[in-house]
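User: Please take a close look at one part of this model, and tell me what surrounds it and how that part fits into the rest of the chain.

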Amino acid sequence: MFPTGSIKGLFMSKVSIAIFGLLAVSSLSINVSRAADITGAGSSFAAPIYGAWGADSRSQTGIAVNYQSVGSSGGQDQIIARTVDFGASDKPMAGTRLASEHLYQFPTVMSGIVVVANVPGIKPGSLRLDGPTLAALYSGEITEWDDARIKALNPGITLPDTDVAPIHRADGSGTTFAFTSYLAQVSPSWKQKLGSGTSVSWIGGAGARGNDGVAAMVKQTEGAVGYVEYSYARQNHLNVTQLKNHSGAFVFPSLQSFSEATRAADWVHADHYAVNLLDTDGAGAWPIVTATFVLVPTNPSNAERGKAVHDFFAWGFAHGDADNTRLDYVSLPQSVRTDVMAHWPK
């Protein structure tokens, strides 16, 4: 069902994540004079890695971080309202909005959005889908799993006449933004009828809050299809599907296929680091890859907490690669990490 490797720890969303330690990163010349408490909120996609970075930095930092996994829309709203010290969103904010709200945006890690299904009698990892067919499953055009379009992609597999039960995010979600942006990119019909966003006018199906909520609902619903961040699928032992990529190959989600999708990323010309990693070229590239972003004030009201936010993410960039790999995230290129810290608002 999954490629080699395992998750030894995953910090589930919708809980507060307390992180302690003394931050000392010689390569980035970080100095923390005393402990500071900082707060963050937003992306459930990013919750596991921010928890892991903090847990592993416990013995080195004097910073306590409380992170609430409330979805990307909530993360943007809370940082705009200045009720948290940093917001987290998988949907990048436009440059004009960043300027008007006095925010600095940067990516932290990348990973894949995967399609999971609960189809009776189908061997884990054997189901194949492509973008237009996936769009038809969510638009209501395909209502049963033995539809001719799915059969054409799966020769030799006996598909049941089970009803399709599409599961989507009920909250404003960057995962939904990436997923619907992919569907709009590969399906003209989807683009015209539903478009993309952190929330769209879903046609039928059922909603669940957070990546963990979608994973749980797919697991317990016969005939379900859903989309979640890769680590949630692995943690819940869900049946992931293969997807047909831009090169015409059916690929499995993995760190390798995510990494291949990121190799051609044009970070230099991206507007505030908002690189499009969807349906990229490459024989082994996974077609739904996205970065997750952090938003911090360019004019923090509390200088001490503002510095602590800077130091925490600097620690993650310097020491977080092992956690990134363990939790199935792809690290940013070193040049991007260096650029992010160099342009941090003074």
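Analyst:
**The surroundings of Thr 290**

Setting aside residues within four places in sequence, Thr 290 is in contact with Phe 45, Asp 90, Val 109, Met 110, Ser 111, Ile 113, Ala 178 and Leu 277. This description rests on a predicted model. Thr 290 belongs to strand 13, and it counts as buried because its relative accessible area is 10%, where buried means under 20%.

Strand 13, which spans residues 289-297, is also a useful guide to the pockets of the model, since it is one of the elements giving two or more residues to the lining of the largest pocket, the other being helix 11 (303-319). That pocket holds about 360 Å³ of space, and it is lined by 20 residues, among which Pro 297, Pro 300, Asn 302, Arg 305 and Gly 306 lie nearest its centre. Helix 11 provides the largest share of this lining, with five residues. Sorted by class, the lining of the largest pocket comprises seven nonpolar, eight polar and five charged residues.

The second largest pocket also draws on strand 13, which supplies at least two residues of its lining, as does helix 6 (174-186). Its volume is about 210 Å³, and of its 15 lining residues, Phe 177, Val 275, Asn 276, Leu 277 and Leu 278 lie nearest the centre. Leu 277 therefore links the two views, being listed among the contacts of Thr 290 as well as among the residues nearest the centre of this pocket. The lining here divides into 10 nonpolar, four polar and one charged residues. Because domain 1 (37-110 + 290-343) and domain 2 (112-273) both give residues to that lining, the second largest pocket lies between them.

The stretch that leads into strand 13 deserves attention as well. Tyr 273 is placed in the loop between helix 10 (255-262) and strand 13, and its phi is near 70 degrees, a positive value in a residue other than glycine. With a relative accessible area of 11%, Tyr 273 is buried. Asp 279 lies in the loop between helix 10 and strand 13, where its phi, near 50 degrees, is likewise positive in a residue other than glycine. Asp 279 counts as buried, at 15% relative accessibility.

Tyr 273 leads on to the nonpolar interior, for it is one of the residues in contact with Phe 106, whose partners, leaving aside neighbours within four places in sequence, also include Thr 292, Phe 293, Val 294, Val 296, Phe 313, Phe 317, Val 340 and Trp 344. The largest nonpolar core has 94 residues, and within it Phe 106, Leu 134 and Phe 313 touch the most other members. Strand 5 (residues 103-118) gives the most to this core, with nine residues, and at least three residues come from each of domain 1 (37-110 + 290-343) and domain 2 (112-273). Apart from this core lies another, of seven residues, which include Ala 41, Ile 79, Leu 98 and Leu 103.

Phe 317, a contact of Phe 106, also takes part in lining the largest cavity, together with Trp 53, Thr 108, Gly 316, Asp 321, Asn 324, Ser 331, Leu 332 and Arg 337. The elements that give two or more residues to this lining are helix 11 and helix 12 (321-326). The cavity has a volume of about 30 Å³, and a search of the whole structure finds one cavity of 30 Å³ or more. By class, its lining has three nonpolar, four polar and two charged residues.

Strand 5 and helix 6 appear once more around helix 8 (residues 210-220), as the cover over the buried residues of helix 8 includes both of them, along with strand 7 (165-169), strand 8 (206-208), strand 9 (224-229) and helix 9 (230-235). The buried residues of helix 8 are Gly 210, Asn 211, Asp 212, Gly 213, Val 214, Ala 215 and Val 218.

Turning to the chain as a whole, it has 13 helices and 14 strands, and buried residues make up 56% of its 346 residues. Among contacts in the protein chain with a separation of 6 or more, 79% are between residues 24 or more positions apart.

Conventions. Residues are numbered from 1 along each chain as its sequence is written. This is a predicted model: local features need pLDDT of at least 70, side-chain atom pairs count only at pLDDT 80 or more; totals for chains, interfaces and linings use all residues. Side-chain values use heavy atoms; hydrogens and water are left out. On a 1 Å grid over the protein atoms alone, a cavity is a set of points where a 1.4 Å probe fits but cannot get out, and a pocket is an open set with protein on both sides within 12 Å along at least five of seven lines; lining residues have an atom within 4 Å of a point. Grid points are joined across faces, edges and corners, and a volume is the space filled by probe spheres set on the points. Helices (H or I, at least four residues) and strands (E, at least two) are DSSP runs, numbered from the N terminus. Ala, Val, Leu, Ile, Met, Phe, Trp, Tyr, Cys and Pro count as nonpolar, Asp, Glu, Lys and Arg as charged, and the others, Gly among them, as polar. Domain bounds come from an automatic or database domain assignment. A nonpolar core is a set of buried Ala, Val, Leu, Ile, Met, Phe, Trp, Tyr and Cys residues joined through side-chain atoms within 4.5 Å. Buried means under 20% relative accessible area, exposed over 50%, partly exposed in between (1.4 Å probe, protein chains only). Contact means heavy atoms within 4.5 Å.
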